[in-house]
Amino acid sequence: MADLNEKEGSIVSYCPGCRGGRSTFEWKVDGREIGAHERREEDHYWSDCVVSYRLFKCAGCGIGAFGVVKMGGGGNYPGSYNRLIRFFPEAKQRLPVPHSVPQGIVTEFREAETCLENMCIRAAAGLIRSVLDKTLRANGYKTKQESNLYKQIEAAAEDGVITQARKRRAHDEIRVLGNDVLHDDWHEISEEDVEAARHYCQRILEDFYDDRESVLALLREAGRVPEEDRQVETEESES
């Protein structure tokens, strides 16, 4: 959530241009105001209230931003008794994923987070489902017998790679929600539901990739062919 520095007028927020990192957004460059429009407004609590519609710039990456700040007591910005009403764009705090997750899966997960930040809720749900699908495929669960996502989730739980509790969450929070977007008629889905899907998808990535060597042993014991083994087979066949 964005925080206003009442004394200096700058805003601290998670920046989409800084890959979700926390950054300071400034309202001056080289001592000059970037741009603003202010107007007086009635307020139940403050007399002489001024609303400032103001441009900001990230001190890190330089991306532009827009903020609405309400000031009580009049005066020039940053004034006094300030309250931040709105700030855009604001990234959510990015969820950490293990270093061993394949880059393509990481990129798709981050794209889902970007969609969620920009209120593209249905798009985020579809991408989170796709991340789960690609994760299971990368770990050897895309077979003739396990051709759909439902069967792949069940198989991963049977192999002990994910718990029974995680299996239920994968079905209810990720697969079903994503299927609603991909296959059903358009209808609104809640941001809270997609936020839950994002968190459970991150935990499934941790299940598969946090202790990768132990998971690889489980997969091989279950007769799965993870992506790492397919790469080795390809290299051997080419040599």
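Reader: Let's start with one residue: is aspartate 30 buried or exposed?

Author: Go by relative accessible area: under 20% is buried, over 50% is exposed, and in between is partly exposed (1.4 Å probe, protein chains only). Aspartate 30 comes out at 79%, which means that it is exposed. Before we go on, this is a predicted model, where local features need pLDDT of at least 70 and side-chain atom pairs count only at pLDDT 80 or more, while totals for chains, interfaces and linings use all residues. Residues are numbered from 1 along each chain as its sequence is written, and side-chain values use heavy atoms, leaving out hydrogens and water.

Reader: Where along the chain is the place of aspartate 30?

Author: Look in the loop between β4 (28-29) and β5. Those labels come from DSSP runs numbered from the N terminus: helices are H or I with at least four residues, strands are E with at least two.

Reader: What can I read from the phi of aspartate 30?

Author: Most residues other than glycine have a negative phi, and most peptide bonds are trans. Aspartate 30 isn't a glycine, yet its phi is positive, about 55 degrees. Methionine 119 is another non-glycine with a positive phi, about 65 degrees, and you'll find methionine 119 in the loop between α1 and α2.

Reader: And which peptide bonds are cis?

Author: One runs from tyrosine 77 to proline 78, with omega near 5 degrees. Proline 78 is in the loop between β8 and β9 (80-88). Another cis bond joins phenylalanine 88 and proline 89, with omega about -5 degrees, and proline 89 lies in the loop between β9 and α1 (103-117).

Reader: How many salt bridges does a search of the whole structure find?

Author: The rule is a side-chain nitrogen of Lys or Arg within 4 Å of a carboxyl oxygen of Asp or Glu. The search turns up 18. Take glutamate 33 and arginine 54, whose closest N and O atoms are 2.7 Å apart. Glutamate 33 sits in strand β5 (residues 32-33) and arginine 54 in strand β7 (residues 49-58), so this bridge ties together parts 21 residues apart in sequence. Glutamate 33 is partly exposed at 44%, whereas arginine 54 is buried at 1%.

Reader: Where does the salt bridge of glutamate 146 and arginine 224 fit in?

Author: Their closest N and O atoms are also 2.7 Å apart. This pair links distant parts of the chain, 78 residues apart: glutamate 146 is in the loop between α2 (121-138) and α3 (149-158), and arginine 224 in the loop between α6 (212-221) and α7 (227-238). Both glutamate 146 and arginine 224 are buried. Salt bridges can also join into a network, and here one links Arg110, Glu113, Glu195 and Arg198.

Reader: Which helix holds both arginine 169 and glutamate 173?

Author: That's α4 (residues 164-183), where the two are four residues apart, about one turn of the helix. They form a salt bridge, closest N and O atoms 3.0 Å apart. Arginine 169 is partly exposed at 35%, but the buried residues of α4 include Glu173, Ala170 and Lys167.

Reader: Where does α4 bend?

Author: A bend is the angle between axes fitted to the seven residues ending at a residue and the seven starting there. For α4 that gives about 30 degrees at alanine 170.

Reader: What covers the buried residues of α4?

Author: Contact means heavy atoms within 4.5 Å. The cover includes α2, α3 and α5 (191-209). For a close-up, lysine 167 of α4 is buried at 15%. Skipping neighbours within four places in sequence, lysine 167 is in contact with Ile153, Glu154, Ala157 and Ile162.

Reader: How many disulfides does the structure hold?

Author: To count, two cysteine sulfur atoms must lie within 2.5 Å. The structure holds zero. Cysteine 15 has its nearest cysteine sulfur, that of cysteine 61, 3.6 Å away. Cysteine 15 is buried at 0%, while cysteine 61 is partly exposed at 37%.

Reader: Which residues is isoleucine 63 in contact with?

Author: Leaving aside neighbours within four places in sequence, the contacts include Cys15, Pro16, Phe56 and Pro89. Isoleucine 63 and proline 16 are 47 residues apart in sequence, with 8.5 Å from C-alpha to C-alpha. You'll spot isoleucine 63 in the loop between β7 and β8 (64-72), partly exposed at 29%.
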